[in-house]
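Here are some notes to read alongside the coordinates, set out as numbered points. Please have the display open while going through them.

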Amino acid sequence: MENKFDINTLVRENVKLMKPYSSARDEFEDFDTAEMIFLDANENPFENGLNRYPDPQQTSVKSVLANQNGVAINQILLGNGSDEVLDLLFRAFCEPKIDNVITLPPTYGMYGVLANLNAVENREVLLSNDFQPQLELIMSAVDTNSKMIFLCSPNNPTGNSFSEGSVQYLLDNFNGLVLIDEAYIDFSDKASWIQKIKDYPNLIITQTLSKAYGLAGIRLGVCYASAAIIAVLNKIKPPYNVNELTQQRALDRLANPKQIKEEIISIIAQREQLLKVLSEVSFVSFIYPTEANFILIKVDNANQRYDELIAKGIVIRNRTTQPLCENTLRLTIGTAEENQKLIAALKSLN
Ligand SMILES: *Cc1c(COP(=O)(O)O)cnc(C)c1O
């Protein structure tokens, strides 16, 4: 088990020393007191449903997520998409030009972009040919300035999830933070790692309402971690980072888990259907196993096939420039009708 982990050795010095911004709503947070007259935040007093600042701690949304996931409210941080959460992690823990992070390409491009933006070295350790973490190579890339390892599982763009043993090994042996990006977890049979945050003080899970929950437009990302990690992120987050409209729409959607579940089941059924018929397309040479709402395929010439599909009005993602992904295309699962059109288009090419 984890032994040398100490959150205080990981937090940047300026973050430790800084005094957080205290908003009007932080200083007096008893929102529901109907009797109170709020003259503290320079808001326009005329009610229109949105004239007040939103709850900076998004307590209503967090309560629902806490209940649904069996964690405490102080183990949750919400952000303007997971992208904001990831950026906060860099800013909290990685000293520019000194610290480094480990990413495992081919994977989600934002980890590298945020590393660059924050002037943090990105040590890339390729996945193996079957897209699993190469543990020995990772551990030899790690040094005392390695603050985070980014595991995207199920991984984008490959679609597979990482073996439980590999994740466990990194949690046990890496003394920095292990982030598991579970943007696609709802499309997988594998369990989320959320329940393990009580066992691993260095574990951080991110999820999002952008994929299975069907709300990419509202921008809501969720971070689950120990209360100690969440407290650090809370200290540095912009005070009103999740707007009122987003909080309201998230609450509406979260109140309807049955509908979400039905959509997920339908997307998975469509995925399985698409996997079968893709093998009938002559120029598809490999279909990668997937636990996400997309399929990565290898074709004869990805640039050519991409252009041909655009000409037929279908936009997919060309991943050919990614490491280990030469001549691959990533297809998002659409509706039954959209998928039929995709297959018809693919079969019409030769
Ligand atoms: C789509 C995606 C996200 C979602 O990011 P948001 O900012 O929450 O929309 C996060 N991680 C991965 C790997 C993704 O593919």
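1. Between which two elements is the loop that holds K97? In this predicted model, K97 sits in the loop that runs between α5 and β2, and its phi is near 65 degrees, a positive value in a residue other than glycine. That deserves a look on the display, because most residues other than glycine have a negative phi, and most peptide bonds are trans.

2. Two peptide bonds should be inspected in the same careful way. The bond that leads from P105 to P106 is cis, its omega being near 0 degrees, and P106 belongs to the loop between β2 (100–103) and α6 (110–117). S153 and P154 are likewise joined by a cis peptide bond, for which omega is about -5 degrees, and P154 is placed in the loop between β4 (146–152) and α8 (164–173).

3. Turning to the ligand, 13 residues surround it, and those that come nearest are S82, Y184, T208, K211 and R219. By character, the residues of this shell divide into 4 nonpolar, 5 polar and 4 charged. Helix α5, which spans residues 81–93, gives the most to the shell, with 3 residues.

4. Which side chains place a polar atom at a short listed distance from a ligand oxygen, and what are those distances? For S82, a polar side-chain atom lies 2.6 Å from an oxygen atom of the ligand, and for N156 the corresponding distance from a polar side-chain atom to a ligand oxygen is 2.8 Å. R219 also takes part, with an N or O atom of its side chain 2.6 Å from an oxygen atom of the ligand. As for cover, the ligand on its own has 390 Å² of accessible area, of which the protein covers 94%.

5. The last point concerns a pair of helices, α11 (residues 257–278) and α13 (residues 336–348). Their axes come within 11 Å and cross at roughly 10 degrees; angles under 35 degrees count as roughly parallel, and the two helices α11 and α13 are therefore roughly parallel to each other.

6. Where these helices meet, α11 contributes Q270, L274, V277 and L278, while α13 contributes A336, N339, L342, I343, L346 and K347. The residues of this contact of α11 with α13 divide into 7 nonpolar, 2 polar and 1 charged.

Terms used. Residues numbered from 1 in each chain as written. Predicted model: local features only at pLDDT ≥ 70, side-chain atom pairs only at ≥ 80, totals over all residues. Heavy atoms only, no water. Near = heavy atom within 4 Å. Polar contact = N/O pair within 3.5 Å; in protein donor to acceptor, adjacent residues only side chain to side chain. Areas by Shrake-Rupley, 256 points an atom, 1.4 Å probe, with all protein chains shown as cover. Helix = DSSP H or I, 4+ residues; strand = E, 2+ residues; numbered from the N terminus. Nonpolar A, V, L, I, M, F, W, Y, C, P; charged D, E, K, R; others polar. Axes fitted to C-alpha atoms, helices over the stretch in contact; angles between N-to-C directions. Parallel < 35°, antiparallel > 145°, perpendicular 65-115°, else oblique. Contact = heavy atoms within 4.5 Å.
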